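Ready for a short walk through a fold? Open your viewer, switch to a cartoon view and keep the selection tool at hand.

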Amino acid sequence: MHHAYSSLTAYLDLDACALVVSADDGRTVQRIDLGPPRPHGYYEPDQLEAALVEVDLRLVGQWIRDGDGGAVADVTQR
């Protein structure tokens with residue numbers, strides 16, 4: 001990710017087994033593959049944070065579960 005964004009959101013997409021990072025205008029700027037599906041669709045917060053660090057992002061605040069069983073969090077560039 002080469003562009004500096006003022007606001008980024010990471011969404012845990014359980015169907016795609018990926019973290020999808022979007023800019024404040026809704027554009028997807030990064031897709032992070034999380035590998036094979038987890039039992040019961042559960043990912044540990046530490047695993048999600050490690051995936052963000054690998055692409056030079058870091059968590060701001062905490063993960064908030066959504067109605068689809070996924071989660072969403074604000075992230076920022078490192």
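Here is a tour of the sheet, strand by strand, and of the helix that goes with it.

This is a predicted model: local features need pLDDT of at least 70, side-chain atom pairs count only at pLDDT 80 or more, and totals for chains, interfaces and linings use all residues. Residues are numbered from 1 along each chain as its sequence is written, and side-chain values use heavy atoms, with hydrogens and water left out.

Start by selecting residues 8-13, strand β1 (strands are DSSP E runs of at least two residues, helices H or I runs of at least four, numbered from the N terminus). Show its side chains: Leu8, Ala10 and Leu12 lie on the covered face, while Thr9, Tyr11 and Asp13 lie on the uncovered one.

Next, add residues 18-23, strand β2, which runs antiparallel to β1 and is joined to it by six bridges (strands pair if DSSP finds at least two bridges between them). Look for Leu19, the bridge partner of Leu12. Four residues separate the two strands of this hairpin, and Cys17 in the turn has a positive phi of about 50 degrees.

Now move to residues 71-77: β5 is antiparallel to β1, with five bridges between them, and its Val72 stands opposite Tyr11.

Zoom out to see the open sheet of five strands, in the order β3-β2-β1-β5-β4. Select β3 (28-33) and β4 (57-65) at the edges: each has a single partner strand, so one side of each is left without a neighbour in the sheet. On β3, find Ile32 opposite Leu19.

Finally, select residues 45-54, helix α1, which packs on the sheet and touches β1, β2, β3, β4 and β5 (contact means heavy atoms within 4.5 Å).

Key: Buried means under 20% relative accessible area, exposed over 50%, partly exposed in between (1.4 Å probe, protein chains only). Axes are lines fitted to C-alpha atoms, for helices over the stretch in contact, and angles run from 0 to 180 degrees between N-to-C directions.
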